[in-house]
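Colleague: I have a model open and would like to learn how to read it. Could we go through it feature by feature?

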Amino acid sequence: MIIRIWAGQVMAGHVEEFCALLISQVIPQLGRTDGCLGGELLRSVTEDDRRVLVVSRWRDEEALRGYAGPMWRIRPVWSEGELRYLVHPPEVSHFTVVPATGTA
């Protein structure tokens with residue numbers, strides 16, 4: 001499993017509207033994408049911080065390639081409508097889960 005984190009900095013005064021767009025359109029679309037095991041929207045809790053993250057879980061690299069193309073490791077996916085809310089284009093990063101070994 002691969003965890004993909006899409007990170008965007010939202011323009012002042014538009015965080016609520018942008019989050020509503022992601023919840024109504026982006027998160028459901030991810031759920032219908034082959035190989036996506038789920039996703040959620042995270043919003044920074046500090047008042048002056050306008051960072052938004054979409055954290056999604058993917059079956060494997062093949063699934064991410066199908067979703068984001070051959071440059072999936074560095075290519076964020078967004079729609080033109082989303083860009084008007086962002087200070088700059090979003091960024092992506094990827095992680096794998098490190099299993100606990102049971103020893104401290």
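Modeller: Start with Val 97, which lies in the segment after β4 (91-95). Keep in mind throughout that this is a predicted model.

Colleague: Is Val 97 buried or exposed?

Modeller: The label depends on relative accessible area, and exposed means over 50%. Val 97 has 54%, so this residue is exposed.

Colleague: Which residues form a nonpolar patch with Val 97 on the surface?

Modeller: Val 97 shares the patch with Met 1 and Leu 37. Together they have about 300 Å² of accessible area.

Colleague: Now the helix α1. How many residues does α1 have, and how far does it reach from its first C-alpha to its last?

Modeller: A span is read against the one expected at 1.5 Å a residue. Helix α1 covers residues 15-31, which makes 17 residues, and reaches 22 Å, close to the expected 24 Å.

Colleague: Where is the kink in α1 centred?

Modeller: A bend is read as the angle between axes fitted on either side of a residue. In α1 there is a kink of about 40 degrees, and Leu 22 is at its centre. Leu 22 is also one of the buried residues of this helix.

Colleague: Which other residues of α1 are buried?

Modeller: Buried means under 20% relative accessible area. Besides Leu 22, the buried residues of α1 are Val 15, Phe 18, Cys 19, Leu 21, Val 26, Ile 27 and Leu 30.

Colleague: What do the buried residues of α1 pack against?

Modeller: They pack against the strands β1 (2-9), β2 (36-43) and β3 (51-58), and against the helices α2 (61-68) and α3 (80-83).

Colleague: Next, charges. How many salt bridges does a search of the whole structure find?

Modeller: Side chains of opposite charge can pair when their charged atoms come close. The search finds seven salt bridges here. One of them joins Asp 49 and Arg 51, at 2.7 Å from N to O. Arg 51 is partly exposed, with 47% relative accessibility.

Colleague: Which side chain does Arg 65 meet in a salt bridge?

Modeller: Arg 65 meets Glu 61, at 3.4 Å from N to O. Both lie in helix α2, four residues apart, which is about one turn of the helix. Arg 65 is partly exposed at 40%, and Glu 61 is partly exposed at 33%.

Colleague: What does the salt bridge between Arg 73 and Glu 61 tie together?

Modeller: The closest N and O atoms of Arg 73 and Glu 61 are 3.1 Å apart. Arg 73 lies in the loop between α2 and α3, whereas Glu 61 lies in helix α2, so the pair ties together parts that are 12 residues apart in sequence. Elsewhere, salt bridges that share partners join Asp 34, Arg 59 and Asp 60 into one network.

Note on methods:
Residues are numbered from 1 along each chain as its sequence is written. This is a predicted model: local features need pLDDT of at least 70, side-chain atom pairs count only at pLDDT 80 or more; totals for chains, interfaces and linings use all residues. Side-chain values use heavy atoms; hydrogens and water are left out. Patches are made of residues with over 30% relative accessible area and no salt bridge: like charges are joined within 9 Å, nonpolar side chains (Val, Leu, Ile, Met, Phe, Trp, Tyr) within 5 Å. Accessible areas come from the Shrake-Rupley method with a 1.4 Å probe; for residues, only the protein chains shown count as cover. A salt bridge is a side-chain nitrogen of Lys or Arg within 4 Å of a carboxyl oxygen of Asp or Glu. Helices (H or I, at least four residues) and strands (E, at least two) are DSSP runs, numbered from the N terminus. Buried means under 20% relative accessible area, exposed over 50%, partly exposed in between (1.4 Å probe, protein chains only). The expected span of a helix is 1.5 Å times one less than its number of residues. The bend at a residue is the angle between axes fitted to the seven residues ending there and the seven starting there. Contact means heavy atoms within 4.5 Å.
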